[in-house]
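Visitor: I would like a close look at a single part of this structure, with its surroundings described carefully. Please take me through it in one connected answer.

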Amino acid sequence: MQIRKQQANAQHFCLTQFSASVMTRQTPAQRAERKHITTEGKQKINSMHRRIHLQQLICLNFTTGKDLFIELDYAEAHTPADCEKLLAKFHRTMRRYFAKYGAVYRYICTTETHSRDGEPVRPHHHAIVSHIQGTDMLGLIQDLWKYGGADVRTLREFTTGFEDTAIYLLKERKPCGKRAYSTSRNLRQPNPPIRTKHSETARAEVPQGVTAVQHEVRENAFGRYEIMTGRIYDQRAFARYWKQQQAQDISDRWRRTRHALQPPHGHTQGQHAHLGL
C-alpha cells in the first residue's frame, strides 16, 4: 500500500507518495530493503516539506511585483538578544504605520549569523513584508531601521512558487529547537492536505489543470516514493479533480491512527513521528 498526500494553495500544488506498511510474504531481507527506501523517502519528503510550507505561506500572503523583500543589517555589534528586541520593535512600528493607513502588515522573517567568504559577519535579517500602494516604502523602512543599512527590493517570483526565495531564506541551518523563520500572526495558513490510499503499483499522474515543475520517482523491487510539485494554471479543471480527491480523503483516520501510535506523555516519540507525513 502507498499513502499519497496532496496540498493545493493559491497556484502551488504538491504531491508526495510513499510505500507504507509491510507487504506479506516478504523475507527479513526484503522487509529491510522496503524499510530503507520508505525511510529514505520520508526523510526527503520531510526535508522538502519545510520548504514547501514556506513557499505556500509566501504564495498565499504576498504578491510578486507588489510586496517587498528586504535585508536589515547592523552598523554596530549587538548581542543576539538585542537583535531580537530591535527587530521586534521594527515590526511593531511598521504595524502601527500600516494601521494608520487602514492596511494590514504581514511579514516572514529570518535572522542569519553565518560568515561570508570565510569572514564572520554581524547578524542580519531577511524578510518579506507587505506593501502600501502609493507609499515610499524604501524611505519608510530606511527611516524606521535606525541601526544599520536597509536594502529594499520588490518581491519577484523568479522560480515557480517562490522556490528560490524559500531556499534562500532556509539556507542557514538553525540550532536544534530554534525556528527557521518567524512570521506575523495574521498570515493565511495553508489548506489541510488530502491523504489517499493507493495500491503498491500505483503511479501518480499530473492532475488536471496543473503543469508539473518537478517529478521525482525512486523505487526498487520492495518499495518506492514519489515527489511532485506543480503550478495550477486552470482553477476550474483543478477544482473538479480536487473534489474527486476529497471524496477519497482518509486524513481523519490517518490523524486518529497517528495519535494512537504516539507514546505516553513524557516519552520520546519513535519511528511514527515523521513531520508532515
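Guide: A term is needed before we begin: a residue is called buried when its relative accessible area is under 20%, exposed when that area is over 50%, and partly exposed in between. The model is a predicted one, and the part to look at closely is strand 2, which runs over residues 12-19.

Strand 2 is mostly covered, with 8 of its 8 residues buried. The cover extends to both faces of the strand, since one side carries His12, Cys14, Thr16 and Phe18, the other carries Phe13, Leu15, Gln17 and Ser19, and all of these are buried.

Strand 2 also has a pairing partner in strand 1, residues 2-9, the two being joined in the antiparallel sense over 8 bridges. Within this pairing, Cys14 of strand 2 stands opposite Gln7. The two strands make a hairpin in which 2 residues lie between them. Ala10, found in the loop between strand 1 and strand 2, has a positive phi near 55°, in a residue other than glycine. Ala10 counts as partly exposed because its relative accessible area is 29%, whereas the residues of strand 2 are buried.

A comparable backbone feature occurs elsewhere in the chain, at Phe162, which is not a glycine and yet has a positive phi of about 60°. Phe162 is found in the loop between strand 6 (150-154) and helix 4, and with a relative accessible area of 3% it is buried.

Returning to strand 2, a further pairing links it with strand 10, residues 223-232, again in the antiparallel sense, over 7 bridges. Here the bridge partner of Thr16 is Ile227 in strand 10. Within the residue range of strand 10, the side chains of Glu226 and Arg224 meet in a salt bridge, with a distance of 2.8 Å from N to O. In the sense given at the start, Glu226 is buried, and so is Arg224.

That contact can be set beside others of its kind, for the model has 6 salt bridges by the rule applied. One of them joins Asp151 and Arg153, whose closest N and O atoms are 3.0 Å apart; Asp151 is partly exposed, with a relative accessible area of 32%, and Arg153 is exposed, with 54%. Another joins Lys178 to Glu84, the closest N and O atoms being 3.8 Å apart. Because Lys178 lies in the loop between helix 4 (163-169) and strand 7 (182-183) while Glu84 lies in helix 2, this pair ties together parts that are 94 residues apart in sequence. Lys178 counts as partly exposed, with a relative accessibility of 46%.

Helix 2, residues 80-100, also includes Arg96, which counts as exposed at 52% relative accessibility. Arg96 belongs to a positive surface patch together with Lys89, Arg92, Arg95, Lys146 and Arg185. Pro80 lies in helix 2 as well and is exposed, with a relative accessible area of 60%. Pro80 and Pro123 are 43 residues apart in sequence, and their C-alpha atoms are 7.4 Å apart in space.

To come back to the part requested, strand 2 is buried in 8 of its 8 residues, and it pairs in the antiparallel sense with strand 1 and with strand 10.

Key:
Residues are numbered from 1 along each chain as its sequence is written. This is a predicted model: local features need pLDDT of at least 70, side-chain atom pairs count only at pLDDT 80 or more; totals for chains, interfaces and linings use all residues. Side-chain values use heavy atoms; hydrogens and water are left out. Patches are made of residues with over 30% relative accessible area and no salt bridge: like charges are joined within 9 Å, nonpolar side chains (Val, Leu, Ile, Met, Phe, Trp, Tyr) within 5 Å. Accessible areas come from the Shrake-Rupley method with a 1.4 Å probe; for residues, only the protein chains shown count as cover. A salt bridge is a side-chain nitrogen of Lys or Arg within 4 Å of a carboxyl oxygen of Asp or Glu. Lys and Arg count as positive and Asp and Glu as negative; His and the chain ends are not counted. The place of a charge is taken as NZ of Lys, CZ of Arg, CG of Asp or CD of Glu. Helices (H or I, at least four residues) and strands (E, at least two) are DSSP runs, numbered from the N terminus. Buried means under 20% relative accessible area, exposed over 50%, partly exposed in between (1.4 Å probe, protein chains only). Two strands pair if DSSP finds at least two bridges between them.
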